[in-house]
Protein chains: 2
Amino acid sequence: MTRRAKNGLSKSGNVPCARCPLRKKAVMRPFTARELEFVEWFKTAELVADPGANILLEGHNSPHLFTLLEGWAFRYKTLPDARRQILSFALPGDFLGLQGPALKEMQHSVEALTQVKLCVFPRERLLHLYQKHPELGHDIAWLAARGEHMVDEHLLSVGRRTAAERIGYLLLHLHSRCRVLDLCGHRQLKLPLTQQHVADALGLSLVHTNKTLRRLVRQGLLTWSGDTVELRNEKALRELAGYDETDGAVRPLI
Amino acid sequence: MTRRAKNGLSKSGNVPCARCPLRKKAVMRPFTARELEFVEWFKTAELVADPGANILLEGHNSPHLFTLLEGWAFRYKTLPDARRQILSFALPGDFLGLQGPALKEMQHSVEALTQVKLCVFPRERLLHLYQKHPELGHDIAWLAARGEHMVDEHLLSVGRRTAAERIGYLLLHLHSRCRVLDLCGHRQLKLPLTQQHVADALGLSLVHTNKTLRRLVRQGLLTWSGDTVELRNEKALRELAGYDETDGAVRPLI
DNA sequence: CGGGATATTGAGTTAGTTCAACACAGGTGG
DNA sequence: CCACCTGTGTTGAACTAACTCAATATCCCG
């Protein structure tokens with residue numbers, strides 16, 4: 001039933017939206033039966049991608065929108081000489097590809113960090129969504145606004161925080177988002193990131209990221225072994241990063 | 001008819017949307033008569049703010065959404081110790097305050113750079129908009145996606161471009177946006193910005209911004225006297241900045 | 001004329017960079 | 001089973017882009 005292609009993408013049978021594992025999460029807005037039925041129709045496929053696979057590619061034109069159902073991904077842009085900036089991380093419940101319709105082609109790429117499962121929505125049914133389900137239209141605007149808010153906060157980090165503050169902020173941010181999705185413990189967090197990803201997200205070099213990280217560990221603020229991070233002194237981290245706690249919240253669209 | 005309060009904000013009589021000066025611009029999507037009538041109702045007031053006035057304030061709760069009708073403004077965030085990051089500049093046609101509904105309170109502030117005229121929309125009529133005018137709902141999502149795209153591009157600058165590249169990019173970006181609005185000449189541009197604004201937008205110090213700017217002038221790429229910038233070698237600037245030209249486009253909502 | 005905001009420039013410091021070497025793990029093929 | 005490779009992490013050393021501090025110039029405004 002499931003094919004796997006060399007590009008790391010494959011299609012598999014649909015999970016019915018009524019039994020969508022994401023909808024059970026406390027953070028999600030409840031759907032009416034009518035909305036549920038619509039979304040069932042709106043979703044035309046499911047896509048599974050391996051780590052490293054490109055879900056969307058800058059400069060290309062995708063006829064699809066996605067909701068990330070399982071796994072981690074990240075949005076990024078590159079400069080002509082291959083400098084890379086990670087714009088944001090996508091977690092379950094995040095909507096991908098919305099910027100596409102605005103401008104003719106995608107203005108950023110999206111790559112899977114883990115194996116990833118996505119709900120696929122054809123872009124041309126979007127107008128139908130707006131027409132028949134205004135509340136869902138509102139949800140889309142909500143998701144877009146939330147996306148911009150996360151990038152805003154990230155830009156504040158990269159523009160005005162020091163390396164240590166940036167790392168602190170990023171970890172608190174990801175921890176908070178995972179928490180509301182029940183994807184991690186109280187102080188523990190499994191991150192499918194290399195230090196290169198962290199560096200590219202924070203606008204730092206790999207070496208300096210490593211050294212700063214080691215320093216934070218030496219100071220007892222956190223541990224990071226393998227793919228597991230433990231926030232050993234969350235209070236101090238918050239203070240360091242000037243962290244406000246407004247992340248986390250998710251809403252539809254599944 | 002027009003009152004001016006000490007906070008720099010004042011209300012004045014409405015300009016009818018049918019005669020909205022912005023709607024004439026080539027970049028705007030045409031409205032149907034029915035949409036026009038709705039927007040007339042959606043818009044409940046007009047607001048004039050002086051340079052330096054706060055249109056929206058981080059941590060506060062505004063019951064209003066705005067469209068910038070005339071003038072310049074900027075969105076920004078600050079850290080507890082007053083470091084400031086400018087997130088984006090708002091030009092006529094830009095929508096402000098959308099992030100508000102998503103999270104309880106505003107996550108960033110907006111300040112007027114010049115005297116500014118705004119259309120005021122009550123937030124609670126937004127649902128009505130989605131319900132009765134799906135196309136306008138789509139426009140709002142479009143504007144939100146465009147907003148995120150601009151911040152994405154800005155984040156790439158601050159994270160991965162050098163100081164000179166950042167300045168080049170910012171000027172090309174603003175020039176391009178002003179061009180489509182007929183607010184500047186082919187190579188000339190009136191910027192109501194101090195170098196402090198530029199520094200805060202680009203994540204640089206004031207001194208370094210000045211020195212880099214001087215260097216670009218010395219190299220003949222541009223001039224900047226008073227509030228007027230001239231791009232003397234646009235090609236070289238584009239090359240320097242790795243500039244792609246995807247800005248500019250505006251759409252409603254007026 | 002004086003005061004506040006802005007711009008400019010020099011001098012010294014530092015946070016972050018690049019280069020380079022090495023350690024370690026997992027995976028593959030002989 | 002070992003030899004080897006590739007991706008990742010760690011650390012030291014040298015360098016530099018960008019920073020802070022400080023002084024001066026300029027302009028506008030009351």
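In strand S9 of chain B, the residue bridged to B:Leu68 is B:Leu118. I start with that pair and work outwards. Please keep in mind that this is a predicted model.

B:Leu68 brings us to strand S4 of chain B, residues 64-70, and its partner strand S9 covers residues 116-122. The two strands run antiparallel and are joined by six bridges. S4(B) has another antiparallel neighbour, strand S7, residues 95-96, with two bridges between them. There, B:Thr67 is bridged to B:Phe95. Is S4(B) largely enclosed or not? A residue is called buried if 20 or more other C-beta atoms lie within 10 Å of its own. Five of the seven residues in S4(B) are buried, so the strand is largely enclosed by the rest of the structure.

Next, strand S5 of chain B, residues 73-78. This strand is mostly covered, with five of six residues buried. S5(B) runs antiparallel to S6(B), and six bridges join them. One bridge pair here is B:Phe74 with B:Phe89 in S6(B). The hairpin that S5(B) and S6(B) make has five residues between the strands, and in that hairpin B:Ala82 takes a positive phi near 80 degrees. S5(B) also pairs with strand S8 of chain B, residues 109-112, again in the antiparallel sense, over four bridges. In that pairing, B:Arg75 stands opposite B:Val110.

As background on strands, the side chains in a regular strand alternate between the two faces of the sheet.

Now one residue outside the strands. B:Leu57 sits in the loop between strand S3, residues 54-56, and S4 of chain B. How many other C-beta atoms lie within 10 Å of B:Leu57? There are 14, which means that B:Leu57 is partly exposed. Leaving out residues up to four places away in sequence, B:Leu57 touches B:Met106 and B:Ser109. From B:Leu57 to B:Ala145 is 88 residues along the chain, and their C-alpha atoms are separated by 22 Å.

B:Ala145 falls within helix H4 of chain B, residues 134-160. The helix has 27 residues, and at 1.5 Å a residue H4(B) should span 39 Å. The C-alpha atoms at its ends are 39 Å apart, so the expected span and the model agree. What about burial in H4(B)? Of its 27 residues, 25 are buried, so the helix is largely enclosed by the rest of the structure.

That helix leads to the contact between the two chains. Chain B puts 40 residues into the contact, and chain A puts in 40 residues. On the side of chain B that touches chain A, the elements giving two or more residues are strand S6 (84-90), helix H2 (99-102), helix H3 (126-132) and helix H4 (134-160). Which element gives the most to that side? H4(B) does, with 20 residues. By class, this side of chain B has 20 nonpolar, 14 polar and six charged residues.

How are the two copies related? Chain B can be laid on chain A by a turn of 180 degrees with a shift of 0.0 Å along the axis, and the RMSD is 0.0 Å. That is why we can speak of a two-fold axis. The same surface serves both copies, since 100% of the contact residues of chain B recur in chain A.

A few totals for chain A. Chain A contains eight helices and twelve strands. Of its 254 residues, 47% are buried. Taking contacts in chain A between residues at least 6 apart in sequence, 73% join residues at least 24 apart.

Last, the DNA. DNA strand C is surrounded by 14 residues, and the closest are A:Ala163, A:Ser205, A:His208, B:Thr194 and B:Gln195. Helix H7 (206-218) of chain A, and helices H6 (195-202) and H7 (206-218) of chain B, each supply at least two residues of the surface near that strand. The largest share, five residues, comes from H7(B). By class, that surface has five nonpolar, seven polar and two charged residues.

DNA strand D is also surrounded by 14 residues, the closest being A:Thr194, A:Gln195, B:Ala163, B:Ser205 and B:His208. Here the elements giving two or more residues are H6 and H7 of chain A, together with H7 of chain B. H7(A) supplies the largest share of the surface near DNA strand D, five residues. The classes near strand D are five nonpolar, seven polar and two charged.

How values were computed
Residues numbered from 1 in each chain as written. Chains lettered and ligands numbered in written order. Predicted model: local features only at pLDDT ≥ 70, side-chain atom pairs only at ≥ 80, totals over all residues. Least-squares fit on C-alpha atoms with pLDDT ≥ 70 in both. Contact = placed C-beta atoms within 7 Å. Near = placed C-beta within 6 Å. Nonpolar A, V, L, I, M, F, W, Y, C, P; charged D, E, K, R; others polar. Expected span 1.5 Å × (residues − 1). Buried ≥ 20, exposed ≤ 12 C-beta atoms within 10 Å, placed from the backbone. Pairing = 2+ DSSP bridges.
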